[in-house]
Amino acid sequence: MPKRTDINTILLIGSGPIVIGQACEFDYSGTQACRSLREEGYRVVLINSNPATIMTDPIMADAIYLKPLTTKSIREIVELEKPDAVLPTMGGQTALNLARDLHLDGYWKEKGIEIIGVDIEAIDITEDRQQFRDLMERIGVDQCKSRTAKSLLDAKEIVLELGGLPVVIRPSFTLGGTGGGIVWTEDEFERKVLRGLELSPIHEILLEESIFGWKEYELELLRDNNDNVVIICSIENFDPMGVHTGDSVTVAPTQTLTDKQYQLLRDAAIRMMRSIGTFAGGCNVQFGMEPGTDRLVAVEINPRVSRSSALASKATGYPIAKIASKLAVGYNLDELENQITKTTSACFEPSLDYVVVKVPRFNFEKFPGVDEELTTQMKAVGEVMSIGRTFPEALNKAWQSLEIGRGGLGADGYEEIDREEVRKRLLKAYWDRSLQVRNAYKLGTSTEEIHDVTKIDPWFLEQIQYLVRLENRTEGQTLYTIRESDMRELKQAGFSDRQIAWLLSQSDVENVTESSVREKREKMGIKAVFRMVDTCAGEFPASTPYYYSCYEDENESEVTGRKKVLILGSGPNRIGQGIEFDYSCVHAVLASKEMGYETIMVNCNPETVSTDFDIADKLYFEPVFWEHVYNIIQHEKPEGVILQVGGQTALKLAKQLTENNIRIFGTPFEMMDLAEDRGKFSETLLRLNIPFPAYGTAFTTNEASEIADRISYPVLLRPSYVLGGQGMCIAVKKNELEDHVRTLLKSHPENEFLIDHFLEDAIEVDFDSIYDGEQLHICGIMQHLEPAGVHSGDSTAVLPPYSLGDRVIDTMKDYQLKIAKALNVRGFINVQYAVKGSEVYVIEANPRATRTIPFVAKATGRPEADIGVKVMLGAKLSEFDLESKLTCYAIKEPVFPFDKFPEVKKELGPEMKSTGETIYFLKDFDDEHFRKPFEFKNMYLSR
Amino acid sequence: MHQPKTEKAILALADGTVVHGFAIGYKGTTGGELCFNTSMTGYQEVFTDPSYHGQLMMMTYPHIGNYGVSSRDDEARKVMVSGVIVRAFSHHYSNPAADGDLDSYLKRNQIVGITGIDTRKLVRHIREKGVLNAVISSESDDADAMVDKAKKWPSMRGLELASKISTNEPQTFKPGQHEFYRPVISQAKEDSIDPSVISSPALKTSEEKTEDKGDSILPESLPDAGHSRKPVTRTLFKVAAIDYGIKQNIINSLVQRGCMVRVFPATTDFETISEWAPDAFFFSNGPGDPNPMDYALETVRKAKETGKPMFGICLGHQLLAITEGMGVMKMFVGHRGANQPVKNLKRGRVEITTQNHGFAVDPDTVSADAAEITHRNLNDGTLEGLNFKRFNGFGVQYHPEASPGPHDSSYLFDEFVERIRKFKEQNGS
């Protein structure tokens, strides 16, 4: 059936602020949906409260409502926009729940609005554990033994029935498995049951036979109105059952299933999807499989585009959300073309000739006292994806992508391997499990032992063992003795030059450097080549410019003669560096295109819009890691690089780019470096006669203590070159300071750290602007509700300021211009101020796109990111319409993950802890969105 | 896992391309038409698919051997491909239910293989140049000699292979019996195979396993997408299956639906088949070019005269078409994988299918009064299915028995059985 002509306007519901379990993958799906539907000529009306998203950008939808995600807002929008249909499958569980609530009220029916892309009755079945069980039983799909409980007493009875502990708790209707987990012991039983009952909106939990240690699989499906079903991607979890799939290392396609077993999964998944209504769209099914048998149990089904859909789309090149949207408006799969090959049908199952590994990213360091064990409740804040021709290669590349300073899976001199520690870390699931497996092999542990403890499939373990064998071999070689074939094998196994340098330094008297390894292998003719992600394992020609690197014989990425710009993404989402940078990256791509450049995007975060293959002219799905970035630069020879939109990840590469004579667009590297170097920056401020809090820099505890005495307590302590206030804290007295310094030295060795006098009870202001060398454009001045000391990302920010006098604001404008000039800024410049009385102090300056750029852009209706990037590329501010459309106050409210970490105290300080934000427009201050945070503004401030 | 990289091997293509890698499997030299398969699971089923007889099989998925080998995954009694080409071979496997590792299995079956080479480059090469012959050697590193050997390797065009791999004695499979297909190796073949290989433990294990594992050999519920059901355990119909290289799962699919299947050698004369009094005829898949198979065409013609239902898969489908005056042509690259979308033009539905063919019926030669085109490939429009009008038969170019691959098309076996039932009803037997 071709597309429907009886509907014109479609309401799309977004997923709101980024929280653990529902992150920027829904910006990816929502954005694809918007583009896909508009491509077909539909009018798209969007509601989403998250200002950091691309989907809420004016270029994405016809009408955008930045309103709280409540049924009330939706009703208001429906009255105004009169949509014909609502598509709730692109905004995660939040959107589905809203659509469901309104459905139960009979609202959609009353308004004559059709729900497309999902069968709303199906949601109840899939979310209600008992109904789901009954259904699975009817269609002959096996289940874990289980029953629902509504009270502690129920729960106790059920455990007896299931044959005792361990059991799994799953609360009904919660996001990302909140409140779920395995109960091992009697003492934790009561606590976990009660918490689950509390967190479930209908106060119901499911108690389930533990299939801990079973193999875990996921399939991504698409179905059309004609009931054609295809499997887009199969995913195998490296971590067996017991770890939430969002927290697991996962691999695509499946690695250890025979065809007969895989087909059992496929058949069951199709049967399951067909059993839950007749909707056309995407679906995700999860299974557990008993090792050594064919016993398969269905774990869950999500009749919507899910977190794994984003991963599956990037892993296969099949744009699931885009196609699912087209199916929702009536197309059948066989009427659509394969978006990658453009010559074959969209109704097919991608075949991969590479291996994809996803590794989640955690932020436990920000939450002292947090329980780091991975359970059935998701704790990861982001993820990286890597592509290699083999699993070992992809695994190493994933570790290079993680942005935790590692050169790969170990072998980079970071480790002190302690037998006890390794054993302890392997007994339960922790975030660094794959690394601990490597360490265990380093200690001579056998595959059998490791498997026995971790239940990880031996095939995966042996792949890691292979890496360790290569390490051991290389440790005995030197840069002069290593053979070409050995070097090639290392590179094919994904080892970075940095790792190889470290390995070759083990037997050598001199220290081998990363660049000498590069030089050596290039002389041997070992260079990265780029292969295409083509959905069909090379069977058909494809022209979509989506590439990954490997060390093989043939390069498929042809370089054009156009002038090019390379845009560096921000790597995995984490607290302090998230979706905001994806927003800016997408704008950097679009703006550069408009300036006549061929755009080349480099990033490794599968949840992003910037890594959609149809955003940039060319996409390299690669770690934002020096070696890989340099490989791409050598191949593409761009005119320059834009790194001011990729957060700290991209910025860190500025030095190496400059050393290798690669042009950085916008503000020169020396000036970016100056802004980071407290000493030089303070000299500049001094010269400009701009006040700043007294400070000092130190490398040791003693130095720190002396400085603190000199500048007087309380002091603010932080390492250089961090984002999101990582490791920052306030100390009011000497022994506290010394404790903090010791901790810092452990987590940030060799880093110098800064000690500032802390301005108590000051008002903090965030000032975003763009400077073109002549004119300063004020993007936005945001006043924080919370006192200085709470990280700017965690503060409730009000735009424009609500209680600052004109004099203070004029002073800031004056300082801002002086700083922009002094730093020779071209493009973005953000300065943070502390205002105490009428005195304005500069806290820091960031000559790059900041986290607040998307918020400001949404509030003012000006494309700030776009303007900033164009100025970097040489445009003048006078060419733009700089009129602000903001007529009231815009308020940015942070969202925290404390509900996921119940054991952690809710306190705010200089270290950022929020995962997301919402925007809200205020007419006056008698609004609860202002009043509430205002009342509580001092409550959670800690040191 | 990753090979002890000592033994080198070489792959030489008839166009002069030479690639160096590492040896897997049997030490020796082998040749054939170089083709690739894009299935991500099911390497053992692919290697034992008789339709691949005499071909060098390159798997596009890099890791091969991960789950070892298991007798229940054999589609025939031995490995049918003449050589194996892999990117990253797993010497170690993980699968508690497996019988052993793939390397030993290849050795026992005397299959020469090569690993550690850029398979994607070769796939793209074939895609551009069309299929061509090649030689793998783990005993000679004389590149020029190997290229020369590849050049001289006989072409598949006009090559009759079916009779060489067919069973040489008829064999019956009855519903209710969970039996594996164990045809006796034909005399011609036996001569060229080391007897120790035939009696090797690997070939025996499957029989042992059959006994131990009982029901688990054939799943209790039919693995049919959409619904599950139990296999029929009593005989409803008798089907004569002519073996040009029949896959085990075709027999299983028929037996599970209540058909007693008697598998006849390819060259059995029609009278012998008739004597068994079948209710219907099945013409199997198989390797090579159908055009020179006069003996088979003769059987098809005679079967048509009986008016009984006929079903052809792959080569069998092509044979049915040729007897109706249609042309079968060699394809540029061929379809080999488990993700080929085929549209059923009657139902309007799409099936994801397993395919393995280098020849296809030319749709321009299909006259409207001879047959209706029932299936087409969505990617390139290739003819995938025919319903014949002048006799009671139908055929598909792809593999509804899957193995490896999706089970979307297993309904075709239902349709065949339904035809038989109707025919019997109408003819009062």
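Which residue in β26(A) does A698(A) stand opposite? In this predicted model, A698(A) faces F753(A) of β26(A). The legends below take up that sheet, then the helices of chain A, the contact between the chains, and chain B.

**View 1. The open sheet of chain A has four strands in the order β23-β26-β24-β25.** Pairing within the sheet is antiparallel. Its edge strands, each of which pairs on one side only, are β23 (695–698) and β25 (729–731) of chain A. On average, and with direction ignored, neighbouring strands of the sheet are turned by 25° against each other. β23(A) and β26(A), the latter spanning residues 753–757, run antiparallel and are joined by four bridges. The residue pair A698(A) and F753(A) stands opposite one another across these strands.

**View 2. Helices α26 and α27 of chain A each lie across strands of this chain.** Helix α26(A), residues 701–711, lies across β23, β24 (715–719) and β26 of chain A. The direction of α26(A) is at about 175° to β23(A). Helix α27(A), residues 734–747, lies across β24, β25 and β26 of chain A. The angle between α27(A) and β24(A) is about 5°.

**View 3. Helices α5 and α6 of chain A meet at a crossing of roughly 95°.** The axes of α5(A), residues 120–127, and α6(A), residues 129–138, come within 5 Å. Because of this crossing angle, α5(A) is roughly perpendicular to α6(A). From α5(A), the residues D124(A), I125(A) and T126(A) meet Q131(A), F132(A) and L135(A) of α6(A). By class, this contact comprises three nonpolar, two polar and one charged residues.

**View 4. Helices α15 and α16 of chain A cross at roughly 130°.** The axis of α15(A), residues 447–454, comes within 10 Å of the axis of α16(A). The crossing angle therefore makes α15(A) oblique to α16(A). The crossing of α15(A) past α16(A) is right-handed. On the α15(A) side, T447(A), I450(A) and H451(A) take part, meeting P458(A), L461(A), E462(A) and Q465(A) on the α16(A) side. The contact between α15(A) and α16(A) is made up of three nonpolar, three polar and one charged residues.

**View 5. Helix α29 of chain A is largely enclosed by the rest of the structure.** The helix covers residues 853–860, and eight of its eight residues are buried, so the surrounding structure largely encloses α29(A). The buried residues are I853(A), P854(A), F855(A), V856(A), A857(A), K858(A), A859(A) and T860(A). G861(A), just after α29(A), takes a positive phi of about 75°.

**View 6. Chains A and B touch through 50 residues of chain A and 49 residues of chain B.** On the chain A side, the elements that give two or more residues are α9 (259–275) and α16 (458–475). The most is given by α9(A), with ten residues. The chain A side of the contact divides into 19 nonpolar, 14 polar and 17 charged residues.

**View 7. Chain B contains 13 helices and 19 strands.** Of its 429 residues, 58% count as buried. Among contacts in chain B between residues at least 6 apart in sequence, those that join residues at least 24 apart make up 76%.

Technical notes
Residues are numbered from 1 along each chain as its sequence is written. Chains are lettered from A and ligands numbered from 1 in the order in which they are written. This is a predicted model: local features need pLDDT of at least 70, side-chain atom pairs count only at pLDDT 80 or more; totals for chains, interfaces and linings use all residues. Two residues are in contact if their C-beta atoms, placed from the backbone, lie within 7 Å. Ala, Val, Leu, Ile, Met, Phe, Trp, Tyr, Cys and Pro count as nonpolar, Asp, Glu, Lys and Arg as charged, and the others, Gly among them, as polar. A residue is buried if 20 or more other C-beta atoms lie within 10 Å of its own, exposed if 12 or fewer, and partly exposed in between; C-beta atoms are placed from the backbone. Axes are lines fitted to C-alpha atoms, for helices over the stretch in contact, and angles run from 0 to 180 degrees between N-to-C directions. Angles under 35 degrees count as roughly parallel, over 145 as roughly antiparallel, 65 to 115 as roughly perpendicular and the rest as oblique. A crossing is left-handed if the near helix is turned anticlockwise from the far one by less than a right angle, and right-handed if clockwise. Two strands pair if DSSP finds at least two bridges between them.
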